[in-house]
Amino acid sequence: MSRTINHGDTETRRLFDFSVPLWLSRILLWLLPLSFLIISFFFPLSRILALTFNLSTITTENLQLAFSVLTFTFYQATLSTILTLLLGLPSAYLFARYNFHGKSLLRVLTAVPFMLPTVVVAAGFNALLGPRGLIHTLFPLSSFNFIGTLSAILLAHIFYNTTIIIRVVGNALSSLDPKLEGAARSLGADSFRVWWNVILPLLRPSLFASSLLVFLFDFTSFGVILLLGGSKFSTLEVEIYLRVLKLPNLSLAALLSVTQLVCTLIFSILYSRFTSRSTAQIAPRSAESNIRKPGTLRERFFVAAFIFLLSSFFLLPLSSLPLRSLFRLEADRGQRGEVQYGFTTDYYTELFVNRRGSVFYVPPIRATLNSIGYAGATVALSLLLGFPAAFALAKPTRLEKILDPLIMLPLGSSAVMLGLGFIISFGAWLTSPLLVPFAHTLVALPFVIRAIQPAIASIPERLRQAASSLGASPLEVWKNIDFPILRRATLAAATFAFTISLGEFGATLLISRPEYPTIPVAIERFLSQPGGLNYGQAMAMATILMLLTIASILLIEKFRLPNSGEF
Amino acid sequence: MLEVHHIFKTYEGKPLLNDISFTVAEGETICLLGASGSGKSTLLRIIAGLEDSDSGSISFNRQDLTSTPPHLRDFGLVFQDYALFPHLNVNDNVAFGLRMRRMEQVEISRRVAGSLEMVNLGGFGNRSVTDLSGGEQQRVALARALATRPRLLMFDEPLGALDRALREDLLNELRGILHQTEIPAIYVTHDQEEAFTLADRVLILHDGEIIREGTPADVWTNPESAFVAGFLGLGNVVDGTVIGKNKFQTGHGILTVKCTHKHLKGDKVHLLARPLPAEKEANVIRGVVSDVIFQQDRFKITLDNGLNVYLQEAPKVGERVAVRVKVECLA
């Protein structure tokens, strides 16, 4: 064992340095994660590319369709982003400038949707505004259509992404030096001029960055559009799904995937440009002095109105879901005679029954077990692959700095595209339930690495030196310092992987076997079937998924390292 | 007794430590005093075994430690940024070294309590280290190093991150603890006040070499070089030329200095003019007052020719003054 411990030493080297040369230990670290990426991402990607750049694929007809789909995708994403800004900016101002009771609770409430699976959000809006939802059944006279409209999609997108604006712009706003505002006023600027000439220019980088991020999420949105809008709203994602499962045309699906990938890559590059530029501008200082209690009547009105607006907007869909899953408001299909309206646990008990003529061949509760099983496998696999990669990336060599974005690349490609890649590449194994955890790991791996890597890098070399000067051998240093500190990050990463796997919808919808449904797939199938019982079961399933996810979020928050930043 | 023999170290091709040798005797506290970049921290890390020297050796009680890994050296080390283990509470931090030595739990508890008592943190045991103030954290770091009763204690600018008042308190406590425990210690600092308060012997490090070594009083009275006199701020360092026995031509006139060095006529020398007025001295500093700074028990006067003197009564700016001072030859 080497004893050299100097400036250039890396912890990876120390940990794995059992007289193994440096280059060999690095290769050992990368062996598993890279092979996994090559097999389950780059190989399918190459198949998609091969299918795309083929004379029989690139036809005028296909290109025209791709273009019109791309146009609509842009349209809905732009519209969603503008609307999100309309709600997000005043909310950001509210959080950055005012103190009020329940502020932190309201902030958490606005952030919860961001972590929720798309099926849960879709089911939540359905439970509130759908044809069988609370408002419709309680006020039968109201005859508006919500599900199947563009408004439904837009509303859900706002619901999802407002928190991004609140966080990014709100942080920038609260870190603005209040003296600047005072200086501008003392130089004769009125409120409008202060905003237009001072505050907005300073906020511009954060405005651009957050808008771009919101746009990116809206652009690649799938579950919300399929479940709330329906397949007539053909965005790139929805169209790929249709061309795989409903109107099979794999080459067209491949062409759309490549279009999608190119677009998201461009947006991601733009985004990282903005974020790298937007950091240095504003002198960091305590955020406290900007925050005050609402004083004037106008301020109080603004604060009260927005608290009411935000809390009802975020609370109603989330609470409608469990409510609707516990109340029978209409007759079930085929149910005659006396119907028991009101409180019921039928929708939950029915999940345990294997009914003939039901949507499944197995009791629906099996979907929950499948999901948990898949999630467990995803946790194991993504930790196994993520740990060595995170160790290598905690102190990367020059070559490894190139590998870093490569590992993150699956994030830029959509879930539906990952599913398509699996279908093209591993068609023969599609009957196996093993593909699902592989696809989920692909999605979860970047998050796992990002959760562990900073923790590894954050352990100061000093701590190890202090331990060793107190008599701890290298092995004892790992056991007593590295391991306990990483334990929290590992648990957070595991919970991340678990949550992502539980809620993953796009890829799973394409590759899961009918006899091995997951919770999101089951919810989709229940929702697409007629009948009050199916609807109620969808609500029950979505409630279970929501509770599981919220429990996981709370766990992650508990394990997260302090100061590990946002996004 | 710690012996450091002819340590050489280069860093990125530049010499960092150049033939460093010294010893630390039983119960002795030495201070390595030097500006940042003088190599003092590196020297400490080499002694601790956290870094290798290019050549030279470290031995303790005649036993060569050059190839002994840090965890087997039994040297306590206290860092400037404390390096407390954030996942352990105060008790477990202090107990860490004892656990590594596989001690009995009863003995561990006894020693932890004793060490915390020694640094005035009795009752803090169950606190989380992240909830402590900077001063308290440094006390925990000290208690942690003391608990194992190491055969040598090393401090790497331990008070650098603390404010002045706290630094003075901790310094006095540390002085008491070092006397009481009689553990030999090496204390690295750039602050001469800290060094002179603690040290039995001061080693001044400059450009990777020890340029002056001695008791605080000895170093203070005989700095022996222009650099040391300047670094310690002992007074006005003046260039001069030998023009005769004990006669020196300077930019401030001819000065008469009793000098035991063997100079030849025409030699260039450095002279130190101490700024405190001394009645019976032969040499007089003259000049026009350009600045007056209040310094608690005196006024620091800056003259238009760049010299400084300390006076009890503040003259007016623009006033002409003449002050008798002591002048020494630094060679």
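Chain B of this predicted model contains 8 helices and 18 strands. Of its 331 residues, 37% are buried. Contacts in chain B between residues at least 6 apart in sequence join, in 63% of cases, residues at least 24 apart.

Eight of the strands are arranged as an open sheet. Its order in chain B is E13-E12-E11-E14-E18-E15-E16-E17, with antiparallel pairing. The edges are taken by strand E13 (253-256) and strand E17 (308-311) of chain B; each has a single partner strand, so one side of each is left without a neighbour in the sheet. From one strand to the next, the twist averages 50 degrees. In general, strands of a sheet pair through backbone hydrogen bonds, and the pairing is either parallel or antiparallel.

At the E17(B) edge, the partner is strand E16 (residues 298-303) of chain B, joined to E17(B) by 4 bridges. Here Lys300(B) stands opposite Tyr310(B), which belongs to E17(B).

Near the start of the numbering, strand E1 (residues 2-11) and strand E2 (residues 14-24) of chain B also pair in the antiparallel sense, over 7 bridges. Tyr11(B) has Lys14(B) in E2(B) as its bridge partner. The hairpin of E1(B) and E2(B) has 2 residues between the strands, and Glu12(B) takes a positive phi near 50 degrees there.

The two strand pairs described above are listed here.

| Strand pair | Sense | Bridges |
|---|---|---|
| E1(B) and E2(B) | antiparallel | 7 bridges |
| E16(B) and E17(B) | antiparallel | 4 bridges |

Note on methods. Residues numbered from 1 in each chain as written. Chains lettered and ligands numbered in written order. Predicted model: local features only at pLDDT ≥ 70, side-chain atom pairs only at ≥ 80, totals over all residues. Pairing = 2+ DSSP bridges. Buried ≥ 20, exposed ≤ 12 C-beta atoms within 10 Å, placed from the backbone. Contact = placed C-beta atoms within 7 Å. Axes fitted to C-alpha atoms, helices over the stretch in contact; angles between N-to-C directions.
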